[in-house]
Amino acid sequence: MNHFTYHNGELCCEDVRIKDIAAQVGTPFYLYSTATLKRHFTAFESGFEGMAHQTCFAVKACSNIAILNLFATLGGGADIVSGGELFRALQAEVEPQKIIYSGVGKTGKELREALQAGILMFNVESPQELDRLQAVAAEMNTIARIAFRINPDVDPKTHAYISTGLAKNKFGVPVAEALQEYLRAKVMPNIKIVGVSCHIGSQLTQIEPFIEALRKVKAFIAQLEQEDIQIKYVDMGGGIGIPYDDEQPPHPTDYAAAVRAELTGMKVTLILEPGRVLVGNAGILVTEVQYTKVNSGGEQEKRFIIVDAAMNDLARPSLYGAHHEILPVHAPAAKERQRADVVGPICESGDFLAKDRIMPEVQPGELLAVMSSGAYGFSMSSTYNSRPRAAEVIVSGGSFQVIRQRECYADLVRGEAVSALA
Ligand code: LLP
């Protein structure tokens with residue numbers, strides 16, 4: 001459920017007409033609905049009510065500090081994977097004791113910054129990272145709270161690029177080796193073991209793989225207890241999918257009920273790292289049609305709708321073949337529909353937002369809304385082809401605010417210099 005709906009033939013975000021925003025901000029831009037963000041957060045949380053838990057939003061899904069701050073005001077923390085994400089979370093006033101740090105390649109500098117900030121825990125992903133963290137914490141004369149991210153070898157049944165919990169993936173420590181690492185960590189002077197974590201993948205449309213992973217985590221915790229290692233936090237990671245097209249992912253409350261049932265009787269605090277499920281359908285990308293063209297001469301005529309957003313703005317269709325619904329901002333009055341590719345101006349054939357899509361006939365100057373773009377949309381955007389990054393805008397009720405200015409040409413060359421060495 002989201003707040004992007006038509007009123008009198010005009011697509012609105014809550015009570016604001018999208019065409020009015022476009023007239024002031026220009027295109028392309030990302031647009032988020034505060035009411036949808038809040039609704040998704042509270043719906044997610046409601047499933048875990050009465051249970052010791054902390055929701056740590058996966059910053060990588062949508063990193064704008066306005067969004068991070070909104071979740072923080074609702075009690076959310078942050079799951080970070082870089083020093084840059086730590087910086088954003090702190091800027092957004094996320095409480096440090098609600099921040100957890102995942103990722104396979106944390107540098108010494110990043111570990112230092114996170115220790116300095118006093119984050120809740122590090123999800124350690126290798127023996128080498130544990131050694132580095134011990135050394136950095138000793139140097140700073142502090143204690144690092146850790147969980148190991150264990151790799152449960154569970155198939156999440158999602159796109160190969162976003163599966164992370166299989167033995168062949170680069171993530172986590174195999175269950176078989178994890179006990180040895182916990183025993184090593186137990187006697188390290190600057191390490192305090194507090195948790196076990198796992199994250200098996202993203203855009204999951206079934207509950208079973210989560211539960212299979214959780215059962216492996218539970219069995220592992222029982223093994224740890226035998227070694228007198230007590231676990232306070234069980235971190236389930238993120239991964240619940242959303243409907244982009246005709247997928248039927250589990251409702252967050254069903255997911256919560258299944259997790260709750262598995263954890264009955266365990267005295268642990270559950271940590272969750274949802275990303276997509278909170279923001280995916282709370283954001284869209286608005287773009288303007290520049291040209292339409294028909295290329296004939298091949299086996300069949302091919303129609304293209306060329307818009308001013310491209311793979312640098314929304315990489316998901318090019319990168320994963322992902323489906324995003326595309327709606328006209330001005331609803332057509334029974335216009336003719338035609339099959340077309342919706343493409344951007346970038347010089348690659350892989351630059352498309354939709355392929356062979358049945359679209360209403362559109363004219364240059366018309367606005368299109370690329371739906372379900374709130375997760376991994378702006379946060380994965382780049383300046384490829386020297387295209388300044390899009391603006392980000394948020395709506396609340398009848399008002400809107402720019403939460404990230406559109407980049408300008410000067411931003412593109414910031415930090416660059418003409419070489420004096422030639
Ligand atoms: N926790 C960890 C350790 C993660 O690596 C991720 C996502 C999450 C939580 C959040 O997962 P979510 O709830 O959003 O599924 N760019 C891809 C998705 C990459 C996901 C990376 N990790 C896409 O556009 O589909």
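**Exercises: pocket, ligand and a small sheet**

α4 (83–91), α10 (276–279), α11 (316–320) and β21 (399–404) each give at least two residues to the lining of the largest pocket; helices (H or I, at least four residues) and strands (E, at least two) are DSSP runs, numbered from the N terminus. This is a predicted model, where local features need pLDDT of at least 70, side-chain atom pairs count only at pLDDT 80 or more, and totals for chains, interfaces and linings use all residues. Residues are numbered from 1 along each chain as its sequence is written, and side-chain values use heavy atoms, with hydrogens and water left out.

**Exercise 1.** Find which residues come nearest to the ligand, then look at their polar side-chain atoms.

*Solution.*
- Step one: 19 residues sit around the ligand (a heavy atom within 4 Å), and the nearest are Ser-202, Glu-273, Arg-316, Tyr-320 and Tyr-376.
- Step two: a side-chain N or O atom of Ser-202 is 2.4 Å from a ligand oxygen.
- Step three: for Arg-316, a side-chain N or O atom is 2.6 Å from an oxygen atom of the ligand.
- Step four: Lys-60 has a polar side-chain atom 3.2 Å from a ligand oxygen.

**Exercise 2.** Work out the strand order of the open three-stranded sheet, and say why β1 and β3 each have a side without a neighbour.

*Solution.*
- Step one: the order is β1-β2-β3, with antiparallel pairing (strands pair if DSSP finds at least two bridges between them).
- Step two: β1 and β2 (residues 10–13) share four bridges, and Tyr-6 faces Leu-11 in β2.
- Step three: β1 (4–7) and β3 (16–17) are at the edges with a single partner strand each, so one side of each lacks a neighbour in the sheet.

Methods
A polar contact is a pair of N or O atoms within 3.5 Å; within protein, one must be able to donate a hydrogen and the other to accept it, and residues adjacent in sequence count only if both atoms are side-chain atoms.
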